[in-house]
Amino acid sequence: MPGRPYGLICPIACACEILEPRWTIQILTELWNGSTRFNDIRKGLGNISSALLSRRLKEMEALGLVERIEDKAKGTVDYFRTKKAINLEPAMNALAEWAQCNIEAEIALSGADASTVMWGVRRKIDLAELPRRRAVIRFHFRDDPPPKYPHYWLVVEPGAELPELCSLDPGRDVDLYVETGVVSLGAIIEGRSSVEREIERGGLFLSGDAGLARSMDRWLRTSVYAAFEGIVPLS
C-alpha cells in the first residue's frame, strides 16, 4: 500500500490512497467488462502504455485487487478481479450514475479516443440482431482534428463470438457505411442520445444495406449506464 499523503483516518481518504493512482479504477472497469488478457485490457483503455499497465497490474495484485492466473501449458496469463475488487461495484456504479446525471455530455464525451470507442462498440454488437451471413460495417470518424485512425471496419462472421475490429481495410465488401464523430457515437452508447436523434441532428449518417441501417438501434447495444434516470443528454 502506498504512503499516507493525506494524514487522515477518514475511510474515504483511505480508499482514495488505494484507488487514486492513475488507471487503477479504469483497469478494474475493463476487467469488469470482461477483458482478462493483457493486450485486451490495453486496447480497452486506449492511452495507457504497456509499461504503466504492467506496473499497475503488479501493484493491484499486491493490494489484493487482482489475481494473476498463468497457464504454463498454454503459455497464457489472465487477470481477474478478486472479491475485494468485486465489492467495489456498488461504489463504481454510484460514481457512474453521478457522472451520467451531473456532467454535461459534451464534457464527458469530448476527450474520448476513437480507437477506444470502437473497442467498446465491438463488445456492444448484438450478433443475434445481424444477418446470418458475413456483415462488414465501416465506421468513418469525421472529427476535427481527425483521429490517428479515422476508419474502422467491423467484420462479423457467422458463428463468431465477437466481431473482428480492423483499423486497416480488410479487403471485404462493405455492407453498411457509418459516418459519425466520437461524441455522437459515444453519446449513443452511453444513453446520452440515440441513433434516431443523431441522424436528425446530423451527427450520424448511414448508407448501404437498408436493413442494417434501420436496425442499428437493435444491433448496437447501449452501456449498462444508459439505464439511469436523469441522464444529461447531448445537446
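This passage describes how several helices and loops are arranged in a predicted model.

A good place to begin is helix H2, which spans residues 24-32. Five residues of H2 are buried, namely Thr24, Ile27, Leu28, Glu30 and Leu31. These residues lie on the same side of H2, because the arc they cover around the axis is only 160°. The pattern is easier to picture with the geometry of a helix in mind. An α-helix has 3.6 residues a turn, so residues three or four places apart point the same way.

Two helices that meet H2 can be taken in turn. Two packed helices are described by the angle between their axes and the distance between the axes. For H2 and helix H3 (residues 38-45), the axes come within 10 Å and cross at roughly 115°. The crossing in which H2 passes H3 is right-handed. On the H2 side, the contact involves Gln26, Ile27, Glu30 and Leu31, and these meet Asp40, Ile41, Gly44 and Leu45 of H3. Sorted by class, the residues of this contact comprise four nonpolar, two polar and two charged. Ile27, Glu30 and Leu31 take part in this contact and are also among the buried residues of H2.

The other partner is helix H4, which covers residues 50-62. Here too the axes come within 10 Å, and the crossing angle between H2 and H4 is roughly 85°. H2 is therefore roughly perpendicular to H4. From H2, the residues Thr24, Ile27 and Leu28 meet Leu53, Arg56, Leu57 and Met60 of H4. The contact of H2 with H4 counts five nonpolar residues, one polar and one charged. Ile27 appears in the contact with H4 as well as in the contact with H3. Thr24 and Leu28, which meet H4, are likewise listed among the buried residues of H2.

The chain on either side of H2 also deserves a look. Just after H2, Gly34 takes a positive phi of about 115°. Ahead of H2 comes helix H1 (11-19), and the loop between H1 and H2 holds Trp23. Phi of Trp23 is near 85°, which is a positive value in a residue other than glycine. Trp23 counts as buried, because its relative accessibility is 11% and the cut-off for buried is under 20%. Pro21 sits in the loop between H1 and H2 as well. With a relative accessible area of 26%, Pro21 is partly exposed. When neighbours within four places in sequence are set aside, Pro21 is in contact with Cys16 and Arg56. Of these two, Arg56 also belongs to the H4 residues that meet H2. Pro21 and Glu59 are 38 residues apart in sequence, while their C-alpha atoms are 9.9 Å apart in space. In H1 itself, Ala13, Glu17 and Leu19 are buried, and what covers the buried residues of H1 includes H2.

Further along the chain, helix H8 (residues 114-124) packs with helix H9 (residues 182-189) at an angle of about 30°, and their axes are 11 Å apart. The crossing of this pair is left-handed. H8 contributes Ala114, Val117, Met118, Val121 and Lys124 to the contact, and H9 contributes Val182, Leu185 and Ile189. By class, the contact of H8 with H9 holds seven nonpolar residues, no polar ones and one charged residue.

Ala114 of H8 also provides a link to the strands. The C-alpha atoms of Ala114 and Lys148 are 8.4 Å apart in space, although the two residues are 34 residues apart in sequence. Lys148 is found in the loop between S3 and S4. Its relative accessible area of 72% makes Lys148 exposed, given that the cut-off for exposed is over 50%. Pro145 lies in this loop between strand S3 (135-141) and strand S4 (151-156). The peptide bond that joins Asp144 and Pro145 is cis, with omega about 0°.

Another loop lysine is Lys72, placed between strand S1 (66-71) and strand S2 (76-81). Lys72 is exposed, with a relative accessible area of 72%. From Lys72 to Gly191, the C-alpha separation is 42 Å, and the two residues are 119 residues apart along the chain.

Note on methods. Residues numbered from 1 in each chain as written. Predicted model: local features only at pLDDT ≥ 70, side-chain atom pairs only at ≥ 80, totals over all residues. Heavy atoms only, no water. Axes fitted to C-alpha atoms, helices over the stretch in contact; angles between N-to-C directions. Helix = DSSP H or I, 4+ residues; strand = E, 2+ residues; numbered from the N terminus. Left-handed = near helix turned anticlockwise from the far one by under 90°. Contact = heavy atoms within 4.5 Å. Nonpolar A, V, L, I, M, F, W, Y, C, P; charged D, E, K, R; others polar. Buried < 20%, exposed > 50% of the residue type's maximum accessible area, 1.4 Å probe, protein only. Arc of directions from axis to C-beta. Parallel < 35°, antiparallel > 145°, perpendicular 65-115°, else oblique.
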